[in-house]
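This report looks at how charged and nonpolar side chains are placed in one protein chain. The structure comes below, followed by a question and a short account under headings.

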Amino acid sequence: MMIALKKRFGIPWCADFRDAWTRNHNYPYGRVRRRLEERLERRTLRRADAVTVAAPVVAKGQATLY
C-alpha cells in the first residue's frame, strides 16, 4: 500500500521500525513464517526512502542484516 502511494503521488516513504521485526527476541512465530517475513522485511527496507528506528541497537541490527 505504501509503495503504491509513493509511486502515485511521487512522495518519499519513510519506514518506521519501533522495534526489531524478524530479529526480535520475542518473535512469536515459527521458522517458515520468519523466512517469509524476512523477505518482506528486506523488500520493505529496500523500497523505503528513509528508515527510522527507536533505538541504536535496532539500527545496528537492521544495518548489519540489510
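In which helix does R46 lie? R46 lies in helix α2, and the sections below return to that helix from several sides.

## Model and overall layout

The model is predicted, not determined by experiment. Its chain has 3 helices and 2 strands, and these follow one another along the sequence in the pattern α-β-α-β-α. Taken along the principal axes, the C-alpha atoms fill a box of roughly 35 × 25 × 15 Å. Of the 66 residues in the chain, 21% are buried.

Two pairs of C-alpha atoms give a sense of distances inside this box. P12, which is found in the loop between α1 and β1, is separated from H25 by 31 Å, although the two are 13 residues apart along the chain. R46 and R31 are 15 residues apart along the chain, and their C-alpha atoms are separated by 22 Å. P12 counts as exposed, because its relative accessibility is 67% and the cut-off for that class is over 50%.

## The positive patch

On the surface, K7, R39, R42, R43, R46 and R47 gather in a patch of positive charge. Helix α2, which spans residues 31–47, gives the most to this patch, with 5 residues. R46, one of the residues of the patch, has a relative accessible area of 61% and is therefore exposed, since exposed means over 50%.

## Salt bridges involving helix α2

The structure holds 5 salt bridges, and three of them are described here, among them the bridge in which the side chains of R23 and E38 meet at 3.2 Å, N to O. R23 lies in the loop between β1 (14–17) and α2, whereas E38 lies in helix α2, so the pair ties together parts that are 15 residues apart in sequence. The two partners also differ in their exposure class: R23 is partly exposed, with a relative accessible area of 43%, while E38 counts as buried at 5% relative accessibility.

E38 forms a further salt bridge with R35, in which the closest N and O atoms are 2.9 Å apart. E38 and R35 are separated by about one helical turn, because they are 3 residues apart in helix α2. At 48% relative accessibility, R35 counts as partly exposed. R23, R35 and E38 are thus linked in a network of salt bridges, in which the buried residue E38 meets R23 from the loop and R35 from the helix.

The remaining bridge described here joins R33 and E37, whose closest N and O atoms are 2.7 Å apart. Both residues lie in helix α2, where they are 4 residues apart, about one turn of the helix. R33 is partly exposed, with a relative accessible area of 37%.

## E37 and its two contacts

Is E37, which is found in helix α2, buried or exposed? With a relative accessible area of 13%, E37 is buried, because buried means under 20%. In addition to the salt bridge with R33, the side chain of E37 is joined to that of W21 by a polar contact of 2.8 Å. E37 in helix α2 therefore combines a buried position with a salt bridge to a partly exposed arginine, R33, and a polar contact to W21.

## The nonpolar patch

Which residues make the nonpolar surface patch of about 380 Å²? The patch is made by M2, L5, F9 and I11. F9, one of these four residues, lies in helix α1, which covers residues 2–9.

The surface of the model thus carries a patch of positive charge, including R46, as well as a nonpolar patch, including F9. For R46, the position in helix α2 goes together with an accessibility of 61%, which places R46 among the exposed residues.

Notes: Residues are numbered from 1 along each chain as its sequence is written. This is a predicted model: local features need pLDDT of at least 70, side-chain atom pairs count only at pLDDT 80 or more; totals for chains, interfaces and linings use all residues. Side-chain values use heavy atoms; hydrogens and water are left out. Patches are made of residues with over 30% relative accessible area and no salt bridge: like charges are joined within 9 Å, nonpolar side chains (Val, Leu, Ile, Met, Phe, Trp, Tyr) within 5 Å. Accessible areas come from the Shrake-Rupley method with a 1.4 Å probe; for residues, only the protein chains shown count as cover. Lys and Arg count as positive and Asp and Glu as negative; His and the chain ends are not counted. The place of a charge is taken as NZ of Lys, CZ of Arg, CG of Asp or CD of Glu. Buried means under 20% relative accessible area, exposed over 50%, partly exposed in between (1.4 Å probe, protein chains only). A polar contact is a pair of N or O atoms within 3.5 Å; within protein, one must be able to donate a hydrogen and the other to accept it, and residues adjacent in sequence count only if both atoms are side-chain atoms.
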